[in-house]
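Welcome, and thank you for stopping by to look at this protein model. Please take a moment with the sequence and the 3D view before reading on.

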Amino acid sequence: MIKRAVFPGSFDPITRGHENIIRRALPLFDEIIVAIGLNIEKKNYFDLNDRIRWIQTVFADCPQIKVDSYSGLTVDYCRDVSASFILRGLRTSADFEFERTVGQVNKKLYPDIETVFLLTTPDYTSINSSIVRDVYKNGGDVSIFIPDAVKLPVTGKNK
């Protein structure tokens, strides 16, 4: 049986922290699906097609990484793609408390799923997509926070 994991998120945009978690998880799984969750309650800043392209570019050297998007419950998506694992990164104790609760609910909804947590490397603990977006929107240089392969569009404040 293939050890398939889903790494769900908005990836709006993908960060060096996301990349680090995914690359460190590669030895654990036969396949990792980076799954962009579409949430009608959440307004994304970057276009879905751009986010897919950026992730594909970042992991072009990793054939065991797939990129997809989905809507609805993550556990339903995992069931649809025959994934037995959900991969999550933990930056802080607050992340742990939130992710533990979600993981326990997911286990109730889909008993065959296991959630695997990887601790963020200390260099990336302070990075999240919301902060990157805020720096970007205000004309700051986000290159230290995003993978080298990601080229964000230049806006009026970023020129």
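What follows is a walk through this predicted model, from its strands to its charged pairs and two single residues.

Let us begin with strand β2, which covers residues 31-38. Of its 8 residues, 7 are buried, so the strand is largely enclosed by the rest of the structure. On one side, β2 is joined to strand β1, residues 4-9, by 6 bridges, and the two strands run parallel. If you would like a place to see this pairing, find R4, which stands opposite E31 in β2. To get from β1 to β2, the chain passes through helix α1, residues 16-25, and this β-α-β crossover is right-handed.

Strand β2 has another partner as well. It is joined by 7 bridges to strand β3, residues 65-71, and this pair also runs parallel. Two pairs of residues help to trace the match: A35 has D68 of β3 as its bridge partner, while L38 is partnered with S71. Here too a helix belongs to the picture, since β2, helix α2 (residues 48-58) and β3 make up a right-handed β-α-β unit. Following the chain from β1 through α1 to β2, and then taking in α2 and β3, is a good way to get your bearings.

While you are at β3, pause at Y70, which has its place in this strand. Is Y70 buried or exposed? Its relative accessible area is 9%, and because buried means under 20%, Y70 counts as buried. Setting aside residues up to four places away in sequence, Y70 touches P8, A35, I36, G37, L38 and Y77. Among these, A35 is the residue whose bridge partner is D68, and L38 is the one that pairs with S71. For a sense of distance, compare Y70 with E97: they are 27 residues apart along the chain, and their C-alpha atoms are separated by 25 Å.

Next, a word about cysteines. A disulfide is a covalent bond between the sulfur atoms of two cysteines. How many disulfides does the structure hold? The count is 0. Two cysteines are still worth finding in the view. C62 is buried, with 7% relative accessible area, and C78 is buried as well, at 0% relative accessibility.

Now turn to the charged side chains. Side chains of opposite charge can pair when their charged atoms come close. Across the whole structure, a search finds 11 salt bridges. One of them brings together the side chains of R53 and D50, at 2.6 Å from N to O. Both residues lie in helix α2, 3 residues apart, which is about one turn of the helix. R53 is partly exposed at 42% relative accessibility, and D50 is also partly exposed, with a relative accessible area of 22%.

Helix α3, residues 74-80, offers a pair with a similar spacing to look at: R79 and D76 are 3 residues apart there, so about one helical turn separates them. These two form a salt bridge in which the closest N and O atoms are 3.0 Å apart. R79 counts as partly exposed at 37% relative accessibility, and so does D76 at 34%.

Another salt bridge joins R88 and E99, with 2.7 Å between the closest N and O atoms. This pair links distant parts of the chain, for R88 is in strand β4 (residues 85-90) and E99 is in helix α4 (residues 93-109), 11 residues away. E99 is buried, having a relative accessible area of 8%. Salt bridges can also share partners, and in this way E19, R23 and D61 are joined into one network.

Our last stop is T120, in the loop between β5 (114-119) and α5 (129-137). Although this residue sits in a loop, T120 is buried, with a relative accessible area of 13%. Which residues is T120 in contact with, leaving aside its neighbours within four places in sequence? They are I21, R24, G89, L90, R91 and T125.

Notes:
Residues numbered from 1 in each chain as written. Predicted model: local features only at pLDDT ≥ 70, side-chain atom pairs only at ≥ 80, totals over all residues. Heavy atoms only, no water. Buried < 20%, exposed > 50% of the residue type's maximum accessible area, 1.4 Å probe, protein only. Helix = DSSP H or I, 4+ residues; strand = E, 2+ residues; numbered from the N terminus. Pairing = 2+ DSSP bridges. Right-handed = clockwise from strand over helix to strand, strands pointing away. Disulfide = S-S within 2.5 Å. Salt bridge = Lys/Arg side-chain N within 4 Å of Asp/Glu carboxyl O. Contact = heavy atoms within 4.5 Å.
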